[in-house]
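Here are my notes on the model you sent. They start with how one chain is divided, then turn to how the copies are arranged and where they touch.

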Number of protein chains: 2
Amino acid sequence: MARIVQKYGGTSVSDIEKIFNVAKRVANTRARGIQVAVVVSAMGDTTDELLELAGRIAARPPERETALLLSTGELVSAALLSMALREIGCDAAAFSGPQAGVLTDGRYLNARILEFNAGRVKEALESGKVAVVAGFQGADARGDINTLGRGGSDTTAVALAAALDAEVCEIYTDVDGVFTVDPQLVPKARKLQEITYDELLELASLGAKVLHPRAVECGKEHGVVIHVRSSFHEETGTIVKKAASLEKGTVISGIACDKDQVKIAVIGVPDRPGIAARIFSALAKEGINVDLIVQSIRRNGENDILFTVKEEDCGKALFVLEPLVAEIGAKELLHKHDVAKISIVGAGMIHSSGVAAGMFEALAGAGINIEIISTSEIKISCLIAADRLQEAAEAIHNYFGLEKGVSPGKSQ
Amino acid sequence: MARIVQKYGGTSVSDIEKIFNVAKRVANTRARGIQVAVVVSAMGDTTDELLELAGRIAARPPERETALLLSTGELVSAALLSMALREIGCDAAAFSGPQAGVLTDGRYLNARILEFNAGRVKEALESGKVAVVAGFQGADARGDINTLGRGGSDTTAVALAAALDAEVCEIYTDVDGVFTVDPQLVPKARKLQEITYDELLELASLGAKVLHPRAVECGKEHGVVIHVRSSFHEETGTIVKKAASLEKGTVISGIACDKDQVKIAVIGVPDRPGIAARIFSALAKEGINVDLIVQSIRRNGENDILFTVKEEDCGKALFVLEPLVAEIGAKELLHKHDVAKISIVGAGMIHSSGVAAGMFEALAGAGINIEIISTSEIKISCLIAADRLQEAAEAIHNYFGLEKGVSPGKSQ
């Protein structure tokens, strides 16, 4: 019998009526003779409300207790959805993360799944029940509750699909799928019918938040076919799978835009070995993720080192760098808000020449200056002025004809 | 090092301020060099709110899911109290019922504790931490969540005290202790300093709801000294322990009043063997608890069978009895609301004659008619008109001089 996993986010189960809507959708799938395991997030804003409660007790509440506290949100929605399923005549059983067999690594608030021992879930499915699993949580070897961090329920769903050897893991969300670019930015944006794990990873980590990167990584590792689709209608969304199954000719699948960037420049760095290492390890030690990095040789044996960090890390980064700049004998420390990163992503890029040139040409045509360029095998990113982001996205979308589906999507 | 268990009910942890008050009290005890394990109920009305949520999904939500749902209430309060303790500098760790080692019998909503394997709690205490345990819950052999029914947190606390071999189990509540009679009914009511398990069992099951009967039973079985006391001040409450430690001369410890009674009468029952059994097994099959039972021989080989049930069971009882009355050839089925049960309880009663006579005399002196009488070794109950309950309680309280402490209490 076919077996699938469906994951519903917090907005899909934010009240009793919506829970019944989800129950009906699940029951319809079950009625087609398919075994269904469902993973649910906490109802609506529950997680934020619980965090707020903890925040009223302590500025930095202990992680172990915070994980226990947060895990209750998903327990409630799993229990209620299971009740709703049974109420409409579809037999079901709810499981907490630990009951479902999620063994985690002991990092209380940002745990990784070590093993998914889905025996009880399988048993429930085989006895004809829908298994409803609380997402976002597991237990470590001591039996302590761990939560999986933001997007954790996506990871639970994909890991469960792997453990169950499910045909597909359906991620229900409030968007129709993965688009060539944010439709709010570029109205001509086209929904992709297929995308590879690697492309989605680049898109997701670049700011297209349809599916958590760790869930995509997990899907890639175990070859789980992921279907990102809307919970509001029955239309097919976007299928995420291995590159091999996509049609040839794919060059660019999408454009990712990220406004959450600050450019930091260390000017006039003496050209000695180990200086860059000192800068970036000081930042890493504080847990600051550094993105686009460029080092340019200027004159008189001096370099400029440019990079970007997230807005929230900017203050901490400057605090770390100020004494260091003096220490290494650099001339100046500058930073600039109001920058944005625009990236094109495509698995086919690796075999195509001229893609980077095309992107630069599109931007030049729109009169947009590029501050930093960074490339990988399947993406090209440019840092530009934040107020030119929309124009840039439109120009690139047009240049590569993304609305016409030169990229993947024609095969379905 | 001395070791105690403290239990705080839902009203004691109903908001963040109250949680900090509890934390301070716990920390003060800990600061005196005592190892403290704390058992908490869900915050305020959380349990009722969760039940209401479930009730909006199904008239009779599945028990397994209901238990999972309800268990989250105590997880939240345990996590928050542990955070508050750490915030005021008292190291602590929160445990769910299953983590604390509560193994239950698999009855989802009314489970019994089979074993309390308190290894992790002991470990926490021995490492200097306060252990905060979510009350009211455990896991069965399959790992499914079970809740312990109303008053379940009391039972968790007493069972934990037994498992930890604690000196005392302190039950913090919104009353000052156990009284000779409900102080709202009889202002002269006196707080008892000591009471035996058996007496409190009779009082509790008769309606003096200071401590759940199952908790008292558990305390009796394991010889746990229970201290019922107020969470609003530091005064000593009532100590519950074995009879042996109480002074001699104790006759009556208290008066219990219960208005939640309906009298049912099956009139003109043919005097044949097995008829009473049919009546009461039909009621038991529907889960209806029958209280005071009297069978009186009338005339012509016919009996009247009288008994009481709780108000909530009245409709169901009549539904069960109506066809049965016809079937067994009884003449009539009557029921009467507006009755109340008043009982006197005392471990010393067994060695004292004339106690029953004294009770009847007190009631007669007040001109109160007795409809049913029932006696056990340590209690005597009378069914009277509900609107005479207060007069009856005062008359009996005066008759036995309970305000002067003839009953237990003088020894401390």
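**Notes on domains, symmetry and interface**

1. Chain A falls into two parts: domain 1 covers 3–174 and domain 2 covers 255–404. Please keep in mind throughout that this is a predicted model. Within chain A, the C-alpha centres of domain 1 and domain 2 are 38 Å apart.

2. How is chain B placed relative to chain A? A turn of 178° with a shift of 0.0 Å along the axis lays chain B on chain A, and the RMSD is 0.3 Å. The two copies are therefore related as by a two-fold rotation axis. The C-alpha of chain B nearest that axis belongs to B:T72, at 2.9 Å from it.

3. Turning to the contact itself, chain A contributes 27 residues and chain B contributes 27 residues. On the chain B side, at least two residues each come from α2 (46–57), α3 (63–87) and β3 (92–95). Which element of chain B gives the most to this side? The answer is α3(B), with 14 residues.

4. As for the chemistry of the surface of chain B that touches chain A, its residues comprise 17 nonpolar, 5 polar and 5 charged.

5. Do the copies meet through the same surface or through different ones? Of the interface residues of chain B, 100% are also interface residues in chain A, so the copies use the same surface to meet. I would read this together with point 2, where the copies are related as by a two-fold rotation axis.

Conventions: Residues are numbered from 1 along each chain as its sequence is written. Chains are lettered from A and ligands numbered from 1 in the order in which they are written. This is a predicted model: local features need pLDDT of at least 70, side-chain atom pairs count only at pLDDT 80 or more; totals for chains, interfaces and linings use all residues. Copies are superposed by least squares on the C-alpha atoms of residues with pLDDT of at least 70 in both. Two residues are in contact if their C-beta atoms, placed from the backbone, lie within 7 Å. Domain bounds come from an automatic or database domain assignment. Helices (H or I, at least four residues) and strands (E, at least two) are DSSP runs, numbered from the N terminus. Ala, Val, Leu, Ile, Met, Phe, Trp, Tyr, Cys and Pro count as nonpolar, Asp, Glu, Lys and Arg as charged, and the others, Gly among them, as polar.
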